[in-house]
Amino acid sequence: MPRATVKLIVTGDDFGYCPRRNQGIVECFLSGGVSNVSLLVNGSAASDAAQLARRYHIPIGLHANLSEGSPVCPALKAKSTLLNEEGFFHGKMGIRRALADGLLNMSEVKHELTAQVDLFRELTGHLPQHMDGHQHVHVLPEIRNVFAQVLEDYGITYTRVPIEPDLPRCDWIDPHLMAFYLGVEKDSLNTVDVFRKHRIRWPDVYIGLSTMGKNMSIANILGAIDNATAAYLPEEDSSIPPGCSPSGSDQETRTVTIELMTHPGYPSVPPVGGCGEGPDDFSQSWERLHELETLKNAELQSHYRTRNIQLCAFKDLGM
């Protein structure tokens, strides 16, 4: 594999979900485990998260949420195609079923995404440095077009395209999760041209599906980085469509930008947390703490240094 300088964005998702998630992510940032965070503005602790980001100078973007909890757009709170009978978003799989059945109004999607950007700016004092989707909703059919237009309208440059090199070979992933991940990758492949049309950019390679929760280990993280580097550098042989590389990476400079998606934190304790309907099983799992401890591990950070892996944030990539 060619030697390369890796610029690694380690993003802690779900900032603002609950005070314990906030605490863990901040600890992870201060110890060098994450370099970037993604804020759920409808999270129960979003305001606290924004204050923590300001206090500790944490680079922060928007984790747009259309699948869990309550909307932030006032006009959609009473009645909307985005909501189920209980008045909450349809859920990770529910939104996908509703979309497939043609039940979602895309104008309401745009109203909610716009409201979330506006609330982010109100909470933080600035626009998101990047914007992605909670549970990968931003790459779903139809929604991807609305999402891209909102980013262009606000001048938000960067997003996430969750296509992980060599994912099918990761036989440690539970089959039901692998099926979901491969669906996310299919949607992402169909999203690339839409994002490019709207001049949206993203890191050269994405990783994080193969290293989520119990599957996160130092060996798996380093293996995923190696796979990503090998997939991107010989670009003419890669089937993974890269983003518009902000670093100017090519064969001469041998620099690759990678985003590692993570979900560290201390597990939520009900009834505190969530996005309007309490914390879900994912947030309460021991796997959140496992990710936190792995990312903070001094051995992992030592490997970063010896491998010339430089942690950075979306704001460091330039325009």
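# Around the structure, starting at Leu 66

Let's start with one residue and its company: setting aside residues up to four places away in sequence, Leu 66 touches Phe 89, Ile 95, Val 109, Glu 112, Leu 113, Val 137 and Ile 143. Before I go on, please keep in mind that this is a predicted model.

So where does Leu 66 sit? You'll find Leu 66 in the loop between S3 and H3. Is Leu 66 buried or exposed? Leu 66 counts as buried, because its relative accessibility is 1% and the cut-off for buried is under 20%. One of its contacts, Val 137, is 71 residues apart from Leu 66 in sequence, and yet their C-alpha atoms are 6.9 Å apart in space.

Stay on that loop for a moment. Asn 84 also has its place between S3 and helix H3, which covers 92-100. Asn 84 is partly exposed, because its relative accessible area is 26%, and the class in between runs from the 20% limit to the 50% limit. If you leave aside the neighbours within four places, Asn 84 is in contact with Phe 89 and His 90. Phe 89, you may remember, is on the contact list of Leu 66 too. Now take Asn 84 and Leu 62: they are 22 residues apart along the chain, and their C-alpha atoms are separated by 24 Å.

Next, Gly 125. Gly 125 lies in the loop between helix H4, residues 106-124, and strand S4, residues 131-133. Gly 125 counts as exposed, because its relative accessible area is 62% and exposed means over 50%. What does Gly 125 touch, not counting residues up to four places away? The answer is Arg 54 and Phe 120. There's a long-range partner to look at as well: Ala 50 is 75 residues apart from Gly 125 along the chain, with 9.2 Å between the C-alpha atoms.

Now a few backbone oddities. Which residues other than glycine have a positive phi? His 57 is one of them, with phi near 55°. His 57 is in the loop between helix H2 (46-56) and strand S3 (60-64), and His 57 is exposed, with a relative accessible area of 67%. Glu 142 is another, with phi near 70°. Glu 142 belongs to the loop between S4 and helix H5, which spans 143-154, and Glu 142 is partly exposed at 42% relative accessible area.

There's also a cis peptide bond, and it joins Pro 270 and Pro 271, with omega at about 10°. Look for Pro 271 in the loop between strand S6 (255-262) and helix H9 (281-284).

On to the rings. How many aromatic pairs does the structure hold? It holds four. Phe 147, Phe 195 and Trp 202 form one aromatic cluster. Then we have charges over rings: the charged end of Arg 21 sits over the ring of Tyr 17, 5.6 Å from the centre of that ring. Likewise, the charged end of Arg 288 sits over the ring of Phe 282, and there the distance to the centre is 3.9 Å.

Phe 282 is a handy bridge to the empty spaces. Rolling a probe the size of a water molecule over the atoms shows where empty space is left. The largest pocket here has a volume of about 550 Å³. Of the 27 residues that line this pocket, Lys 92, Leu 177, Tyr 181, Met 212 and Phe 282 are the closest to its centre. Which elements give two or more residues to the lining? They are strand S1 (5-15), helix H6 (175-189) and helix H10 (287-296). H6 has the largest share, with four residues. By character, the lining of the largest pocket splits into seven nonpolar, ten polar and ten charged residues.

Last stop: the cavities. The structure holds three of 30 Å³ or more. The second largest cavity comes to about 40 Å³. Its lining is made of Glu 164, Pro 165, Asp 166, Arg 169, Cys 170, Ile 207, Ser 210, Ala 224 and Asn 227. Sort that lining by type and you get four nonpolar, two polar and three charged residues.

To wrap up with a pair worth finding on your screens: Leu 66 is the buried one, at 1% relative accessibility, and Gly 125 is exposed, at 62% relative accessible area. Okay, that's my tour.

How values were computed:
Residues are numbered from 1 along each chain as its sequence is written. This is a predicted model: local features need pLDDT of at least 70, side-chain atom pairs count only at pLDDT 80 or more; totals for chains, interfaces and linings use all residues. Side-chain values use heavy atoms; hydrogens and water are left out. On a 1 Å grid over the protein atoms alone, a cavity is a set of points where a 1.4 Å probe fits but cannot get out, and a pocket is an open set with protein on both sides within 12 Å along at least five of seven lines; lining residues have an atom within 4 Å of a point. Grid points are joined across faces, edges and corners, and a volume is the space filled by probe spheres set on the points. Ala, Val, Leu, Ile, Met, Phe, Trp, Tyr, Cys and Pro count as nonpolar, Asp, Glu, Lys and Arg as charged, and the others, Gly among them, as polar. Buried means under 20% relative accessible area, exposed over 50%, partly exposed in between (1.4 Å probe, protein chains only). Contact means heavy atoms within 4.5 Å. Rings of Phe, Tyr and Trp (its six-membered ring) pair if their centres lie within 6.5 Å; planes under 30 degrees apart count as stacked, over 60 as edge-to-face and the rest as tilted. A charge sits over a ring if NZ of Lys or CZ of Arg is within 6 Å of the ring centre and within 35 degrees of the ring normal.
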